[in-house]
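Hi,

Here is the structure I promised to pass on. Have a look at it first, then read my notes underneath.

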Amino acid sequence: MDLSINPFSSGTRLRDMIRAIRASKTASEERAVVRRECAAIRAAISEGDQDYRHRNMAKLMFIHMLGYPTHFGQMECLKLIAAAGFPEKRIGYLGLMLLLDERQEVLMLVTNSLKQDLNHSNQFIVGLALCALGNICSAEMARDLAPEVERLLLSRDPNTKKKAALCSIRIVRKVPDLAENFMGSAAENIKEKHHGVLISVVQLCTELCKASKEALEYLRKHCVEGLVRILRDVTNSSYAPEYDIAGITDPFLHIRVLRLMRTLGQGDADCSEYVNDILAQVATKTESNKNAGNAILYECVETIMSIEATSGLRVLAINILGRFLSNRDNNIRYVALNMLMRAMAVDTQAVQRHRATILECVKDADVSIRKRALELVYLLINDTNVKPLTKELVDYLEVSDEDFKEDLTAKICSIVEKFSEDKLWYLDQMFKVLSLAGNFVKDDVWHALIVLISNASELQGYSVRSLYKALQAYGAQESLVRVAVWCIGEYGEMVVNNINMLDVEEPVTVTESDAVDAVELALKRYSVDVTTRAMCLVALLKLSSRFPPTSERIQEIVVQNKGNTVLELQQRSIEFNSIIQRHQSIKSSLLERMPVLDEASYLMKRAASSQATVSLTKSATTATPAGSLKIPNGVVKPPAAPLPDLLDLNSDDVPVTTSATTTAPDNFLQDLLGIDLTNSSTAGGAPSATTDILMDLLSIGSFPVQNGPPTTSNFITPGQVTKHAPATPQVMDLLDGLPSSTPLPDENTAYPSITAFQSATLKITFSFKKQPGKPQETTMHVSFTNLTSVALTDFMFQAAVPKFIQLRLDPASSSILPASGNGSVTQSLSVTNNQHGQYYKLMCQGHVTCLSLSGGPWIWA
Amino acid sequence: MINFVLLISRQGKVRLTKWYSPYTQKERTKVIRELSGLILTRGPKLCNFVEWRGYKVVYRRYASLYFCMCIDADDNELEVLEIIHHFVEILDRYFGSVCELDLIFNFHKAYYVLDEILIAGELQESSKKNVARLIAAQDSLVEAAKEEASSISNIIAQATK
């Protein structure tokens, strides 16, 4: 780009423009220079100025690299490409590749020029076209010009051949269907001697194998012999200065061939056997003191691990692996960790032997190595080594950097959850993780922890005491605070009275007041988060019931939030205050221990919640394949209090289950799964969408496996007392539901009537009669008594039975339940058991409307 | 395959970019910014590989320039280090002890060299001699054409005096 001697030259030289731009001290100065230049170039383009086209195009490219818009130059590229001379085409194609990309429509206009250039007599021009095509062509262009490229693959000139081969790679990537067109010529070219051609063609073959199965078969048949020969020649060749890198002849060719051998040998025993010897030779002969040699060894080991290699070969590979792992070079160690991941599939024992070194790598200074090592450790975990390995990881968690903590925490949590049979160990690990890195623990992890604690009744005391202690020390960790506060609220009396102490524990002296202190502190000082504070308020409310003497103090604390600007907290504060003050009578039953959270359904919800859809209209088909549900903990428990859908539009519905359970646990399981809810309510007309939801919630075991995620995208939230359902699903409302189902006697063992359900508000009794001579038939009278001071209207009762039962429900005697037990409503139903002797479960629910405690009407079921 | 090649200076200025995978203009700027942040802050003793967005970026520092190549997760990182070195050695041979300034003022020539080494994100030629030969041949074509053109314009200029 020298100074032209033309006296009419306009504009600056490229060099000068670059200098001017570099000399600009401010961005606006630079912009001024660029603007001036662009104006000149635009003028030159519109005038069709021939003389300085190169220079202008080069300037344009530089300006583009700086980030300025250069669309006006695109057509100029096309014109340059269409020009006759080599220099114009050269700069034109470069401009094309720089200023345009495959998504632009302007690119299509070049197709014709490209076609002509691909047929040009000047091989360099052909080269330019192939290069441009290979770098930026779109799928249509690929299809259009594929025949030209195919032809050029068979050209005599190696330069053209190699470019055509690489161009074909892009074509095949864009249009995999064309793969078969290239396989013949590709296989032919394996016989070439020119290294450039070989590298390109071998790479093309690898790409073809990926694109088409047919090509893979073809190449497998035709190329393996040639490949072995190439590798043998290049490995055994004497010093060739042209290709020598660090004493090895053409390591690139080595590596490409090894990669193709991997693709061809994978899953094919014959091919693998054929290449066995040469692989062994490469693995043993290659020098590993320089990067080039190591690159070859790396590829070789990867190939050995992927094909059907002999055990001798595998041993060779593992040895190389071991050497790499203990190398001082960071790159080599990183690569070794990669190799180990692949080796896991082949020889887990060998990888386990390197466990100690891998653990060291988790603590390495280099973040890339740490990440790889952590992934590898996760794969290595099995039943025998999970405890020591987890211990190492948790110890490291204490000292690791902040940015690594997140990955590490996530991995530890998933490990611990996977191997959580030993509950005590699981709890210990989780408490430690929460203490050290609670802020990085994801929500569903600590939710799962709570579910487990609620199920493991013997460990609840231990849990709450450990958490209490942890809370004193690590109050800054959000998740820890939440879990601790929930536990203290639920199991407060266990902390104070050292209930259920385990052998490993030492007794703690915690008074009721201390417990309240802890929660108060959490409320006021540590946590900033609304969720945590909300949970603290709930916990305080529970404590006011568990520790009656502290009730007044708690009230004071709660009241302080009455004017809080956050609506959620304000609301809770006012309501809880009201409960403490005015509703002493129901307070204790309101705040009873929460029913055990059902692990099975939680797990299913968790799995399904990733779909994150809330379906209000649940399908009625609920038959679940019997084997899919495991009831963990082996506890035959009454179904948990029904779970209202927080996002349900009729959020006021709070269903209450009454059900009769059978004594036989296996039948319980069976019946749960056998229930077909489409038969359910024979009274009350067609079930509404709401009812369906409630129905599904009742049948804990019958979650549909295929779809229909449970209606709460949150995990299990127990029932609510008030009608004010929080709109945000992530706020866990921890109020106890309406009194959980009390343990129910078995209905089948006796005819005496039973109280199926009793609470402060409602009493339901069943009485049974069997007609003599018809043992399959049972008549039940259900009697409902209203114990509140308010009349309950719109009473409706429904029942559900398994398929082999016939149910007939007679109309109720009245739809109004008079207040204060002044009379009751009765309803009779008759049940016929077609499989007499088979236990079954009867599930019922009822709906009523009554006036709410705070004055508005609400539906209570 | 190599998805893109990036040459950035120590101050984060872009000296050369070549994209073998589709990235829009906006995406490109974003990528450059992210990777600059990631790579320029790495210490000298650390390994030459960075994991980024599911890809691997292999980089090496030569004087004041960082040569970066983004590859797929299953590619051979050590080989790509060799490819980078291959590229640098060829540039060195071509420009004669190449420095950053050469690449600034003759960026188009650097691109020509790169186009003889990589196409479609794959290696094209393992012989430095061959690459040099091909570039020289093309350069001489351009020279010849320029001489021809200048001699014609000389004649015209003289004729129109």
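Below is what turned up, going chain by chain and then across the two chains.

First, the ground rules. This is a predicted model, so local features need pLDDT of at least 70 and side-chain atom pairs count only at pLDDT 80 or more, while totals for chains, interfaces and linings use all residues. Residues are numbered from 1 along each chain as its sequence is written, chains are lettered from A and ligands numbered from 1 in the order in which they are written, and side-chain values use heavy atoms, with hydrogens and water left out.

**The two chains**

Chain A comes to 34 helices and 11 strands; helices (H or I, at least four residues) and strands (E, at least two) are DSSP runs, numbered from the N terminus. Of its 861 residues, 57% count as buried, where buried means under 20% relative accessible area, exposed means over 50% and partly exposed is in between (1.4 Å probe, protein chains only). Take the contacts in chain A between residues at least 6 apart in sequence: 70% of them join residues at least 24 apart. Contact here means heavy atoms within 4.5 Å.

Chain B has five helices and seven strands, and from the N terminus on they run β-β-α-β-β-β-α-α-α-β-β-α. It has 161 residues, of which 56% count as buried. For contacts in chain B with a separation of 6 or more, residues 24 or more positions apart account for 45%.

**Inside chain A**

Helix α6 of chain A (residues 111–118) has a buried side made up of A:T111, A:S113, A:L114, A:D117 and A:L118. Seen down the axis of α6(A), these buried residues fall within an arc of 160°, so they line one face of the helix; the arc is that of the directions from the helix axis to the C-beta atoms. The face turned away from that side carries the exposed residues A:N112 and A:Q116. What covers the buried residues of α6(A) includes α4 (74–82), α5, α7 (123–136) and α8 (139–152) of chain A.

A:A164 sits in helix α9 (residues 158–174) of chain A and is buried at 0% relative accessibility. Leaving out residues up to four places away in sequence, A:A164 touches A:L130, A:V149, A:L152 and A:L153. A:A164 and A:C131 are 33 residues apart in sequence, and their C-alpha atoms are 8.3 Å apart in space.

**Where A meets B**

Helix α5 of chain A (residues 86–99) and helix α5 of chain B (residues 128–159) pack at an angle of about 120°, with their axes 8 Å apart. Axes are lines fitted to C-alpha atoms, for helices over the stretch in contact, and angles run from 0 to 180 degrees between N-to-C directions. That makes α5(A) oblique to α5(B): angles under 35 degrees count as roughly parallel, over 145 as roughly antiparallel, 65 to 115 as roughly perpendicular and the rest as oblique. On the α5(A) side the contact is made by A:F86, A:P87 and A:R90, and on the α5(B) side by B:I135, B:Q138, B:D139, B:L141, B:V142 and B:A145.

Another residue to click on is A:N135, in helix α7 of chain A, which is buried at 2% relative accessibility. Not counting residues up to four places away in sequence, A:N135 touches A:M97 and A:R170 as well as B:K18, B:W19, B:Y20, B:D115, B:I119 and B:A120.

A:I255, in helix α13 (residues 251–265) of chain A, is also buried, with a relative accessible area of 1%. With the same sequence neighbours left out, A:I255 touches A:A295, A:I296, A:E299, B:N76 and B:E79. A:I255 and A:L231 are 24 residues apart in sequence and 9.4 Å apart in space, C-alpha to C-alpha.

**Backbone and cysteines**

Most residues other than glycine have a negative phi. B:A120 has a positive one, near 55°; B:A120 is in the loop between β6 (118–119) and β7 (122–123) of chain B and is buried, at 2% relative accessibility. Phi of B:A63 is also positive, near 55°. B:A63 is in the loop between β4 (55–62) and β5 (65–71) of chain B and is exposed, with a relative accessible area of 62%.

And how many disulfides are there over all chains? Zero, from a search of the whole structure, taking a disulfide as a pair of cysteine sulfur atoms within 2.5 Å.

Cheers
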